[in-house]
Amino acid sequence: MAEEVMNNKQIILKHYVEGYPKESDMEFKNNSIKLNVPEGSNVVVLKNLYLSCDPYMRNRMSKLEGSYVESFTPGSPITGYGVSKVLESGDPNFQKGDLVWGMTGWEEYSIVTATHSSLLKINHDKDVPLSYYTGILGMPGMTAYAGFYEICSPKKGENVFVSAASGAVGQLVGQFAKMLGCYVVGSAGTKEKVDLLKNKFGFDEAFNYKEEQDLDATLKRYFPDGIDIYFENVGGKMLDAVLLNMKLHGRIAVCGMISQYNLKKTEGVHNLFNVIAKRIRMEGFLVFDYYHLYPKYLEIIIQQIKAKNIVYVEDIAEGLESAPNALVGLFSGSNVGKQIVMVSR
């Protein structure tokens, strides 16, 4: 078979990053790629359709030691979750034309090993957008499901607080809690997002944390009887205030701490004694540990989407060249909903 050589647009990390990432830390380049599977190889050749922008990617832009994820390699394409179409395959589990989601490069075409990229085949339901596999039907959806149901052990009628509530994970956690019959409050960084939480996602209340001078007083206003469950996406001052307002035997699922990712020295948490006094269970988790539940989750969530019992908001940037701006925007809160990049239709 003749080799097929194609132009391959890529987003390259230029160097390791300190502080807030900038678009200039990344570079848009054109390279060539051979789209054929070498004889005897088990690689899969992908045409990337959608790429996911996720906060954890900021950590990978720095030189990491002892982390659960590897650092990006300066001079090489950024990698992350994406939705792709199989062009050629040396892996018997994937065929030409299959739709998949998993780890891929920030580029038009990628050549990956399926096991290393944790590729999962998509049985696409035409009533559900394909882009959802970067969010509600992919890693963020599983994160919300595992963190809320497996870590928090929720019960009907409990008081639930979600920080960064309009993001890819938070918007789902709030809706899961409402479906269970909980009282739910979310925090976000703009009036538009606060309105979205209350009017689109069905949160009972929401507030703009940037407008609150005293987060302890704010939480006491919305939770006069205390918080049973806190889904943690922010860290820092928000976590400190939450610890003062947790109820006895409250549960905190620690999903992320986006307020700390760009700091050279992370902020301390001063109210940890409450974990003892209130017998709070506070547990960090990684979605990888719960992927065995994915088939069960997928069956449940697709039914809920089609029944219009749950909604999902995406912020779609068009074209690979828009990816650096989309990723950087996560840390200034410019996205509304799940941030994705559409590489190709």
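## Two helices that cross

Let's start with helix α3 (residues 139-151) and helix α9 (residues 294-306) in this predicted model. Their axes come within 11 Å and cross at roughly 100°. Angles of 65 to 115 degrees count as roughly perpendicular, so that's the label for α3 and α9. If you're wondering about those two numbers, packed helices are described by the angle between their axes and the distance between the axes.

Which residues of α3 and α9 make the contact? On the α3 side, look for G141, M142 and Y145. On the α9 side, they're Y294, K296, Y297 and I300. Sorted by class, the contact has five nonpolar residues, one polar and one charged.

## A six-stranded sheet

Now find the open sheet. It has six strands in the order β10-β9-β8-β11-β12-β13, and the pairing is parallel. The edges are β10 (205-208) and β13 (281-284), each of which pairs on one side only. From one strand to the next, the twist averages 15°. As background, strands of a sheet pair through backbone hydrogen bonds, either parallel or antiparallel.

Let's zoom in on one pair. Strand β8 (residues 159-162) and strand β11 (residues 227-232) run parallel and are joined by three bridges. Which residue in β11 is the bridge partner of F161? That's Y230.

## Helices α6 and α7

Helix α6 (residues 215-222) lies across four strands: β8, β9 (183-188), β10 and β11. Compared with β10, α6 runs at about 165°.

Next up is helix α7 (residues 236-245). Is α7 mostly covered or mostly uncovered? It's mostly covered, with eight of its 10 residues buried. The buried ones are G236, M238, L239, D240, A241, V242, L243 and N245.

## A look at N30

Finally, pick out N30, which sits in strand β2 (residues 26-34). Why does N30 count as partly exposed? Its relative accessibility is 47%, and the partly exposed class lies between the 20% limit for buried and the 50% limit for exposed.

What does N30 touch? Setting aside neighbours within four places in sequence, N30 is in contact with N7, N8 and K9. With N7 there's a polar contact between the two side chains, at 3.0 Å. For another distance, try Y81: that residue is 51 residues from N30 along the chain, and their C-alpha atoms are separated by 21 Å.

Terms used. Residues numbered from 1 in each chain as written. Predicted model: local features only at pLDDT ≥ 70, side-chain atom pairs only at ≥ 80, totals over all residues. Heavy atoms only, no water. Pairing = 2+ DSSP bridges. Helix = DSSP H or I, 4+ residues; strand = E, 2+ residues; numbered from the N terminus. Axes fitted to C-alpha atoms, helices over the stretch in contact; angles between N-to-C directions. Contact = heavy atoms within 4.5 Å. Buried < 20%, exposed > 50% of the residue type's maximum accessible area, 1.4 Å probe, protein only. Polar contact = N/O pair within 3.5 Å; in protein donor to acceptor, adjacent residues only side chain to side chain. Parallel < 35°, antiparallel > 145°, perpendicular 65-115°, else oblique. Nonpolar A, V, L, I, M, F, W, Y, C, P; charged D, E, K, R; others polar.
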